[in-house]
Each structure stands twice: as C-alpha cells, then as structure tokens.
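The following note sets out points on the chains, their contacts and their sheets for a colleague's consideration.

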Amino acid sequence: MNSSNFILKGGRVIDPARGIDRVMDIGVADGIITAPEAVGNPEIIDVSGLVVTPGLIDLHVHLRQPGNTAAETIATGTMAAAAGGFTAIVAMPNTTPAADTPGAIEYLRQTAARQGVVRVLPCGCLTRNRAGKEMAGIGGLHSAGVVALSDDGGCIQDHALMRHVAEYAHSFGLPILDHCEDAFLAANGVMHEGEWSVLLGMNGIASASEELMVARDIILSRLTGARIHVQHVSARESVELIRQARRQGLPVTGEATPHHIALTDECIKTYDTNYKMNPPLRSEADRQALIAGLADGTITVIATDHAPHTATAKLVEFDDAPFGIIGLETALPITLTLLVHSGILSLPDLIAKFTTGPAEVLGLDHCDLAEGHPADITVFDPDCAYEIDPSTFHSKARNTPFGGMKVRGRVRRTIVGGRTVYRYPEQAS
Amino acid sequence: MEFRWHRKDLLSLYDLSREEIEYILDTAEEFKKVSERNVKKVPALRGKTVVNFFVEPSTRTRISFELAEQRLSADIINVAVDASSLKKGETLLDTVRNIEARQVDLLVMRHRATGAQNFIAQNVRCGVINAGDGAHSHPTQALLDIFTIRQRKGRVAGLNVTIVGDILHSRVARSNIWGLLKLGARVTLAGPATLVPREFEKIGVRVCHNLRDALRAADVVNLLRIQHERQTAGFFPSVNEYARFFGLNQETFQYLRPDALVMHPGPINRDVELDSAVADGPNSVILEQVTNGLAVRMAVLFLVAGCGNK
Amino acid sequence: MTEQKQLFDAAAIAAAIARMADAIAAEFHPDSGNGEFALIGIYKQGVPLAERLLEAVAERNGGCRPELAKLDISMYRDDVGLRSGLPLIRETVIPFNMENKRVILVDDVLSSGRSIRAALDAVTDYGRPALIRLAVLVDRGMPEYPIRADYVGLRVDVPADRKIRVDFKENDGIDAIREVSWQRDAVPQNTD
C-alpha cells in the first residue's frame, strides 16, 4: 500500500495554484510528483470519478499533547487529519505547558516525526504562557521552526503590547494568527449574545467583542505592516472589516470554520454542549455574511479549530462545559455539502480555501501538484452520500454536533510525501 | 378526547402548550382547597420519595416545595448545596445519579446554570421539576403568578401585564413572559436598557425604558427584585437612582389603573423596586402569591409524579 | 380492538335507579327520624347517578330532598404513577358539614372496591360522618377489597378481563351499560 512509485489514473485533478481543473494522471516517484511517463515500474491506481487535489492544509488544530492526552494525542490527531484529507496541520500552542519556548517546539517536532501521520506545522505563542503580558521569545521560536504565532484561546488585550508583538513578529516574517476577542465584552459569556441568549437567559458574548479586536488588528497591521490572520471569523461586521482591509491591500486574511458555516445559536436551545464553542455560533445573518465572505473571496481559508474534549468534560452543565468541538474528519464533507453541492462555491474555489488560502497565510510555496514538488495529495469522492457517524472517527474525541448529519463527499486517499497514510474503505494492513 | 397530563418533567413554560398551562392552573384550584380544610393533607404521593436538590441557596421556594410535598404525603429528602458532594469534585450528573439510585421518584432541583435541569432530565429516569435554573426558567413561580392573576381578574387573556426590573438576569421574568404570552396576555417589560434587552420584542412583547409609559393601562404590575451586585457590575449607577427612575412608588403608582394588581416574587427590597406603602397597600397581592405558590406546587408535584417513571 | 356488547339499555337503567331510590327512600323516609342525609356522587359517573337518585328519592318522600355533594377522589387513589396520563381533577363540592352526617356514596360500578376505599379516605378527611352507605348502579361481584354495596341497581357477571362501561345522557348523550375490553393506556377516572 505504500509503494513509492504510482500513478493516480483518470481522476479530475484540481490544482488551484496552477489553475488546473481537468482529468489527468498524476505520477509519484520516491515521494515526489513526477511526470507519469517518467515513473519507473508504477502501481496504477484507478481514481476515475474521484477528485485529486494538493494535500489539504488545516491552519487551526488543537492536538492537546502535551497536557491533555486524554482528549487527543499527536498520533490520534494526525490520524484524524489524514482521515479528513489533511496532509498538513498547524498545531496551536495552547497546550500545557504552552508552546512558548524552542524546547516545546522541538518536543512537538520530534514527537510528530515519530508518531505523527501527517505534517505537523508548529505554531508558537505570541506571549509567555499566552498570558498577554510579556512577549514570548519570538526569534527563538522562529529558529525552532514555527510557521506562525498565536495566543489562540486568548487575545492580547493590551494594544501597545499587541503593536510591539506585531512589529517584532513581522521582522521575522512570521504571520500572527489572532483569536480576536475583547475580554471585557466577552466576560462570562457562554454563547452568542442575541435573541437566543436573551430567551434562554444565558450570558452572551457580543459580536462586538470580536469586531473590536478585528478592527484593532487591521489598524495595527496598517501601522506595522504585520501579516495578521483573523482566526475563526464569526460575526458579520468582522467579515466586512476584513473585506475593507483587503480592498485597501493590507496583509489581513481570515478563516471560517465549518461549524460557523453550518450552524447558528438557535442550536443551543437543546443545551447540547457540543454546540458550545468560542467564538460562539452566531445568528443566521452572521452565518450568511460568512458564506458571502467565502463566496466573494474576503475569507480565503477554511480551518477547523479542531478542539478535542473528553466525553466527561462535555457531559456537564452548559455553563461549565469547555468551549470547542472536533472538526478534522467532518470539514471536507460538510463544506462540500453546504458550499459546493448547494452551488455557492465551485469545487476549485472550495479546494483553494483548504490549499492555496492557508498556504498564502503561512507563506508556503509548492502547495500544488507540480512536478518536482513533494507528493502531498488528497483524493476524494465528491458525491458519495452518507450520514456522519462519530463512532468511526480516528480522533480520540467525539465532541461533535454533526453526528447523523447527511453529507455528500468522502475522502478516499490521503498521501503525504508519496506515502498513503489513509484510504477508504480502510483495509487491515 | 379528554385532555390528559403526560409529562414526567416540568422544566420550562416555553415547552408547555396553553392547554397544559391551564390544566396545571385548574388542578391547582382543587389543591388550594385542600390547604383550606381542617385536614390539610391528602395521600396522593404516599410512598413516593421526593428529593429537593438545591444547588443554589433558596429559602422560600424550598419551603414552599417542602410543605407542598408534605401535604401530598410524600417522603422528603433535602439535599442542600453544602451537604452535597459537588464540592468534592463529583460531577453534577454523578451526584444526581447517586441520589436517583436510592429509588427516588421525583427530583425538585435548583441550579445556578441555565439548562442544568434539562441536562439532568435527559440523563435520569425520575421526574424532574425545575425550581429555578440560572436566568432561564422558574416555571412554578410564573405559574403561581399567573394563577394569582387568574383568580383575581377571572382571566388572563387580554390583560396588560407589566414586568419591571432586571429582566436580563431574571428567570422569573422569562417564565412569566412565556406563560403570559401563551395565555393571551399583553406583556410589557420595563427598566433601563442595560437590564431590558430589545431582543425580547422579537417574541411579541413590548419593551419600554420609561416606567410611566409602562404602567399606563397596566392591569398587573410585577416588580422584580433588584440585585445589588448588578450595580457593581455597571448595569446602573446606584440603587438610589434605580429606585428613583424604575421603582414603583406612590407617585408612579398613580399611573396604574385603580384596580391594578401589584405583584412581587419576593424577597422585596423595600423602597427600592417597591415602595413600602404600595407593597402593603390594597392593590398588593404579594402574600396571596405565596399562598398560591403552595397550591401550584402541589398540583405540579401531583401531575408530574402521576405520570410515573416508566 | 374495542369489541363491545350492550348489556342494558335506558329503560333497564331507569328501572334499576327506581329500585335503588325505593330502597333509599324507605330507609331515609322523613317520618323515620332518619330523614336528613346526603348523597355524595363520585366523579365522573357517580355524579349524574346521584343527581337522578336525588330526584327520585325526593319524589318518593314528598319533595323532601337530600343534600348533594360531588367528590373527586384523584388525590386519594393508590395508583399514582401507574397511569400513563392524568385526567383533570374535578371540583369537589361539599355544601354541608360532614361531621355527624349520614351520607350515601354513589358510584356507577363497584368492581375492585379501590375507588370506594379512596372515597372513604376522602370523605373522612372532611369530617367524621355518623353513617356511610354505598349505592352503585352496577355490582360486578368481584371485589378485591372487603367492600360491599348497600344499594345495588343491577348485578352482572362478566369475565375479569372485561370492563363495564356506563354512559349517562348528562355526560355521554346516551343511557347505556356496556361490556368492553380493557384499554390499558386509556384508564378513565373510575375504573371500578
């Protein structure tokens, strides 16, 4: 199954970076994409009827190792990524301890090399222990190999500190992935502040808490030239702010999660803690604005914010439950179903949100299927209809609200560096 | 086909139909008479075990439930927050399942978290009666308020009911709103914009930030207790200023209809949200609310227990 | 499967009520010194029966009318939690002092005796009557409790898995007594 030389034959190749969308064969030799005729002694893999794309990238994954390996590990998280069609994932630094030192990054890189299934791209903290008080050793983190910086889960409230962090990170060419949230406006909140929080009597998180910080980041990006990427955009006005910033040519990008594309705050009337995440599910108007932002190119990335929690942690009162849901194994089928099959995005446009979009944020080259580049490839069936069944997940966690959802689109093969790390149907090896 | 009660839990008036709410009120009429007899006890819940599980301090509601349970001949266990093992790090669900394992029939539960009772009811077999969850729901309080209105006014439909105060943090307000709307009353919410969100207008109630406007034409005014900690949290500048602009006093009382009912779920902050003279005046039905609370809780216990835990 | 069989029609019911009224009127005749008494109809079908008995007794005793009470026994039943749906509690009306009163409980069918036990508990919670008698339209002769009726309109013998259903014009638009099969999920107010 891991033959190093093979040809993916007869698939619809979608390669957004090179503007390709046509049926063609892709050859792989020694882990490198190679002209099919130059592949020696190839295994022929028939992928007719399937879509072949550059390996998908998830900018936003919580692997929980070290610190909470009951919820997820590098091994299980990367296997979940492979099953979801992702060949590279950015590991958020809010582990315990936080990834704010070169040593922590080294641990992640070594463990991922030994136990990981897909490429794990480390992300370092902006501030020490993500406390928002003192700048982390950004230069050292850069040397240790981080691809980006983030205090995800938290947001630097001190604007002067954020300005300095942005300037400093910019001098190392590192993008900032910011969790935009004003802590005062969001204090004690457990769901979107709106009609449903008012009816249910839950503490709300106002959209303004996100919008204010998105505006702040845009202003600081203009001031400092720093590349700032807004994580998990959830509010209508945030989309508009990013749209204006991009029109002005600022290096500002934004990502949407599948759950903010799929769900709204009304879901919380069931008190199911699998609808509790931060930023919260917002109103239908926000959801539509997010979809419009994806359609017009304002939002260039879809990222999962894969946030595993144990069943025990989630089986509590809504107020007391931790924020977050898993997403790696549902992202592609859900976005195919809601965005492509519904006619909002073309298939190549959706693939771009998972490939060139995130690659641009990180400044990665060769996120394509060009000859000579590493063979990171995703093969999926865009039409296969089924119900999401969390019991089949490879993640250690099951905290998803999407169980039972009818979707169309299934990952068939994930290839990292020429090696098939996942295929469906799964076979005993 | 005659209507019959089928619920094993009472969690929120939002869940109930108009028919079900009226059914509880009608049942309460009969239980009110039990408390007026010499023998103030019936054997309706003989052999049933009811646990009063209060994970938030409460005196009034707990006493009312306890007396209601005694008058129905149930066996009662009180689990107060300090005595419970929640402080030992046990999860709420484990604590409740531990209680239920003692063959308990009914759980009367109060909790600080919105939806905690819904969460528990989904995970246990015994019936669950919500005695207040977070800022969400306090169905028996609203039922006793509506029962009092119905007894005094002979109807609920078409009445103008004004609720004044900290609507944002009030489970009493939310339950009253649902109950009153379902029975056809016109509801006005009044108070400063920090405490009375406009979003309520989406469900067909009137939101008013001027007390005088809210009191005009009101058949019933229900004052909510103002919590002093809201001042610290910056929702209004001072209790004095709140009393001046949003308290019902002898001056603002003049805007009410002469036969208007003055209600308060208690405990009253005298001369803050409600002037003493008005609280003790002829329009006040505050003590009747307490009396009726007993009848309403007997009815709810009887109905929910009557449906059994199959 | 609601296979049913009519046992008695309106005329048979009228005759039975007349027989019961004869017995009651004789015992509680104004001249007997026992003239003051009350009929207590047990909801649901005991109430119209008590009302008819009252008229019939008054007719026999020169217009001398007994008092009438209506009793709901829902709060006194011993099967709380065993039923799948609860019917509404009806208004108990007792317009007299129960203390030292002579009363006749009136119900449509005497079956297990459980309803009557509940009614006895209910009545005694209102006071201590001097005398309690029991009048039923139908006695099916299978009491599970040591309870017997003093005035019986009709006696029937039907298998234990069948149920006697009494309809009265006042509630149901027709006078009839039928034998029907049990429907466990729709247990009415008075099952015996």
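Two strands are taken to pair if DSSP finds at least two bridges between them. The model is predicted, and the points below should be read accordingly.

1. Pairing of β1(C). By the criterion just given, β1(C) and strand β9 (residues 176-181) of chain C are paired, because four bridges link them, in the antiparallel sense. Within this pairing, C:Phe8 has C:Ile177 of β9(C) as its bridge partner.

2. The antiparallel sheet of chain C. The strands concerned belong to an open sheet of three strands in chain C, ordered β1-β9-β8, with antiparallel pairing. The edges are held by β1 (4-8) and β8 (162-167) of chain C; each has a single partner strand, so one side of each has no neighbour in the sheet. On average, and with direction ignored, neighbouring strands of this sheet are turned by 30° against each other.

3. The parallel sheet of chain C. An open sheet of five strands in chain C follows the order β3-β2-β5-β6-β7, and its pairing is parallel. Here β3 (67-71) and β7 (151-155) of chain C stand at the edges, and each has a single partner strand, so one side of each is left without a neighbour in the sheet. The average turn between neighbouring strands of this sheet, direction ignored, is 20°. Strand β2 (residues 38-42) and strand β5 (residues 102-110) of chain C run parallel and are joined by four bridges. One residue pair may be named: C:Ala38 has C:Val103 in β5(C) as its bridge partner.

4. Helices on the parallel sheet. Helix α2 (residues 46-60) of chain C packs on this sheet and touches β2, β3, β5 and β6 (131-139) of chain C. The direction of α2 of chain C makes about 155° with that of β2(C). Helix α3 (residues 114-125) of chain C also packs on the sheet, touching β2, β3, β5 and β6 of chain C. For α3 of chain C, the angle of about 155° is made with the direction of β5(C).

5. Which chains touch? Two pairs of chains touch, and the most contacts are between chains B and C. Chain A and chain C are joined by no contact, and their closest C-alpha atoms lie 25 Å apart.

6. The contact of chains B and C. Chain B contributes 23 residues and chain C contributes 17 residues. On the chain B side, β1 (4-5), α1 (18-34) and α12 (286-306) each supply at least two residues. The largest share of that side comes from α1(B), with five residues. By class, the side of chain B that touches chain C has eleven nonpolar, four polar and eight charged residues.

7. Strand pairing between chains. β1(B) and strand β4 (residues 86-87) of chain C run antiparallel and are joined by two bridges. In this arrangement B:Trp5 stands opposite C:Leu86 in β4(C).

8. The contact of chains A and B. This contact takes 14 residues from chain A and 20 residues from chain B. The side of chain A that touches chain B has eight nonpolar, two polar and four charged residues.

9. Helix packing within chain B. Helix α5 (residues 139-153) of chain B packs against α12(B) at an angle of about 120°, and the axes are 8 Å apart. The two helices, α5(B) and α12(B), are therefore oblique to each other, and their crossing is right-handed. In α5(B), the residues in contact include B:Leu143, B:Leu144 and B:Phe147, while those in α12(B) include B:Val296, B:Arg297 and B:Val300. The contact of α5(B) with α12(B) has five nonpolar, five polar and three charged residues.

10. Domains of chain A. The domain assignment of chain A gives domain 1 (6-51 + 373-395 + 402-423) and domain 2 (54-362). Taken over C-alpha atoms, the centres of domain 1 and domain 2 of chain A are separated by 26 Å. In the contact between them, 25 residues of domain 1 of chain A meet 34 residues of domain 2 of chain A. On the domain 1 side, β1 (6-15), β16 (377-387), β17 (406-416) and β18 (419-423) of chain A each supply at least two residues, and β17(A) gives the most, with seven residues. That side of domain 1 of chain A divides into 15 nonpolar, five polar and five charged residues.

Notes. Residues numbered from 1 in each chain as written. Chains lettered and ligands numbered in written order. Predicted model: local features only at pLDDT ≥ 70, side-chain atom pairs only at ≥ 80, totals over all residues. Contact = placed C-beta atoms within 7 Å. Nonpolar A, V, L, I, M, F, W, Y, C, P; charged D, E, K, R; others polar. Axes fitted to C-alpha atoms, helices over the stretch in contact; angles between N-to-C directions. Domains from an automatic or database assignment. Parallel < 35°, antiparallel > 145°, perpendicular 65-115°, else oblique. Left-handed = near helix turned anticlockwise from the far one by under 90°.
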